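The exercises below ask you to read a protein model step by step, from the whole chain down to single residues. Please try each task before reading its solution.

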Amino acid sequence: MTGDASPEGSDQPALADYLGRLEQLIAASTRLEPGIDQAAALAELQRVSASALRAAVAGARGQGVTWRELAKGVGMPAMTLHGQFRSGRGVIAVGNSTTDPPKPAVRQPGAAVQKRYVCPPPRDRFIGRERELTELRGVLAKNRMVTLVGCAGVGKSRLAGEFLRAIAGRGYGGGVWWVDLAPLSDGSQVTEAVNAAIRDGRNGWKPINEDRGNALLVLDSCEHLVDDCAALLEQLSDSHPQLHVLATSREALRTLGEVIFSIEPLVAAATSTGDPRGVDAVRLFVDRARSAVPTWELTDELVPVVAELCRRLDGLPLAVELAARQIGVLPPASLLEQADQRLDLLAGGARTAPERHQSLRAAIEWSYDLLCPLGQEVFRRVAILPGAFDMQAATAVCADLGTGPDELWPVLTDLAAKSLLVARPGTATRFALLESLRKFGRERLADEHELPGAHERLLAWLAALAEDWLFDADENPLQIYEEQHLLHYAVTVAEELKDARFPLLALALASWWRRQGDFRQTRQLIERIVPSLPEDSPIRARGLIELARGLEIRGDYVEAELHAKESLTLSSRLDQPTLVVRALMALSSAYRGLEDAASALDVDVRAVELLRSLDRPAMLASTLALVAWDLVLRRRYADAQSTVDEVLALLESNPEEATLAAVTHTAGTIALMRDQLEEAARQFTRSLTATMLDADSPPEALEGLAAVAARSGQPERALRLFAAAKATKLAINAVTEPWSARLMDEETATARRQLPEAKVMRAQAEGAALTAEQAIEYALHDTLPTVPAWDSEQVLTPREHQVADLVAQGLTNKQIAVRLTISPRTVVSHLEHIRTKLDLPTRAHITAWVTRMRFETVHSRH
């Protein structure tokens, strides 16, 4: 159902009236009697028949008949039928009745008849897709059946047309033909459309001339006729061995020998060191904007706005083009502000474009209307799930359909096959929607009055997960990581609805944010919910723990101690042993921040004793790892090593990556303090590789390897790793314990003393510019990126480079703002980025860095 049909039976009286009137008009228009104006009678007949057909369509829609079935019945394209119906006027059938024998497609207005080499002529520049064009030529040369598959508006037809223009018939001496199937509403017309495309208009049938070599047939827009297209192509494949076929479709044809060539949206985000101006989606926006307003320019200030707009539009070419063409009435900032209303905003495509390309809504609607009723129902429900989701989440929101995982899986995979979902294979397949498709599905969900029910099912499922996450002793960070986007959305919905599950969901989200080092959001959320929590309740005790943990991240250990003690008292009174352990761990962390290692050790030992009685091996291992670290702080290295060995033994039967990373870091620190550098390097490397090698790998392990390098006479390596670790910590707002911070400062000073200042600054700039992945690669294999990371063109954006140069010239922030025509606040922001990237604390350091870069550039040219 789409929300535009009348209730069942509501149009029946009107339809009966129309039919009676039609009989009178037909009789009048066929009688040659005085006083009867036949022209007026025919006009009235047409008007009434259009109204009658509209009433019939409304009644059929009220009974669940799909647009595709109705279009087939009246012999017209589904998009045309839907467009006429939504206009509020009568419906005029423009095609042939499917009960009549199909007439040659070449004779019908708008039918898919093309001559050799004829494809839609380009009316604007083709932007991007250079790699796809090159790869497509090779794939089609090696395979006879290739289908370009992608979602609505991704540019399949345009890519196929550009491919034909690029090859200009070369390699296909037997003939090249383009057949547009979009106007066809009946599969029985496909064969005739193909026949007509290669028929000589005067001499009748002209067979494929395979004596001249390979031939190429392009079938555009097959998605609504996939079965008939597949059947025809299998016949052609058998009878014409030199015929190659290039098809475009929103789903695969699933015919023998078919090769799927997936078309993804344009790249919409620059790399960390790249210029957004060179991104394909941004280039497309700029080109189309200049077509609409030739004087429009992409200024430095507009670059981030346009880049973010293209990202929000998923890099979808149709959406980007429609947005760019409105630049004359809406500046980029306004377009970005209204991106959430894109389905209504992005319309007004070229008048000569197919109807499905006139607006973003029409493009998506074409795919949606081709779904079966169950497919539409599932699509609408999963559209409320932001980010990637798995079968559990889909099953939860679709529970009202009575479909379990076994019944739901083929529906989801079919939606992915039809380019309405994106499948992300992994240990467990997850699905996602492009934001434009998600907004369309959510809109339809609301139209069908199904949104409240879907929200209720989502909140119930996530509340159960949140309770396990917050109160189960052996929590699973991976699970909350995978569902973080859903959890964030659920918190927003629950707060808007004033749902009683809001505190529980919000606390789980705050716990996740805290683990990611985002204290600002954590504290804001926790401080909103803790006062409203019942005084004597487990959830209040848990909330106080999260508040204490968040304060520790900020370095406010005194206040953290108070909240941890309050939670400990409440958890003990409620007889909640798991919460008691968590409160003890929060308290020990606060003591370490206050450099009270003795109290931290006492508290952690108490937690260990409690855990041994609870039989919680995973939590016991992580708490023992804290005891080992407490012993290091007390310089009891032998006892610390014994505790490390106990933890490693526990992890053999209960492996846990985070605990392994922590305890091997402790082992590395013990070896470092004993000056056992080889063992320290081995343990720090083990800590670094204990978790997935990505941006979430522990920066403390990088610091440990940097300290080993400093003591081993490798000062440049040490400074690079220290700078990389510092940049990582800044990115996640991590705070280092005072003892560790002092130790690392001492090792950094040791490395600096071994080098002249110029080399110190260069090494630190190289390290600060490394991505997390590059830093890990360098730490493990001593391999730096091919392009020198200190190169200012790679480290800094063009605008940041300008600001650094002006700082070196002695200009103040206000003078720089005037020179560059930007605000002083923007100058401050650029300076903060420069200092962070290059690890340069003052303007004097920036001046020295710029001077050195100029010196090295001049000498490198001679």
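**Exercise 1.** How much area does the protein chain expose, and what percentage of it do carbon and sulfur atoms supply?

*Solution.* Before starting, note that this is a predicted model, in which local features need pLDDT of at least 70 and side-chain atom pairs count only at pLDDT 80 or more, while totals for chains, interfaces and linings use all residues. Residues are numbered from 1 along each chain as its sequence is written, and side-chain values use heavy atoms, with hydrogens and water left out. The protein chain exposes about 38,900 Å², of which carbon and sulfur atoms supply 52% (Shrake-Rupley method, 1.4 Å probe). Of its 862 residues, 51% count as buried, where buried means under 20% relative accessible area. The secondary structure comes to 41 helices and 7 strands (DSSP runs, with helices being H or I of at least four residues and strands E of at least two, numbered from the N terminus).

**Exercise 2.** Work out how helices H5 and H6 are arranged relative to each other.

*Solution.* Begin with the axes, which are lines fitted to C-alpha atoms over the stretch in contact, with angles running from 0 to 180 degrees between N-to-C directions. H5 (residues 130–142) and H6 (residues 156–167) pack at an angle of about 75°, their axes being 10 Å apart. H5 is therefore roughly perpendicular to H6, a term that covers angles of 65 to 115 degrees. Next, look at the residues that meet: Glu132, Leu133, Leu136, Arg137 and Leu140 from H5 face Leu159, Glu162, Phe163, Ala166 and Ile167 from H6, contact being heavy atoms within 4.5 Å.

**Exercise 3.** Identify which members of the largest nonpolar core touch the most other members.

*Solution.* A nonpolar core is a set of buried Ala, Val, Leu, Ile, Met, Phe, Trp, Tyr and Cys residues joined through side-chain atoms within 4.5 Å. The largest one has 197 residues, and Leu216, Leu246, Phe285, Val382 and Leu505 touch the most other members. Taking Leu216 as the example, and not counting residues up to four places away in sequence, its contacts include Leu140, Phe163, Ile167 and Leu246.

**Exercise 4.** Describe the setting of Trp461.

*Solution.* Trp461 lies in helix H19 (residues 451–471) and is buried, with a relative accessible area of 16%. Leaving aside neighbours within four places in sequence, Trp461 is in contact with Gln392, Ala393, Ala396, Glu483 and Leu486. Trp461 and Gln392 are 69 residues apart in sequence, yet 9.0 Å apart in space, C-alpha to C-alpha.

Conventions. Buried < 20%, exposed > 50% of the residue type's maximum accessible area, 1.4 Å probe, protein only. Parallel < 35°, antiparallel > 145°, perpendicular 65-115°, else oblique.
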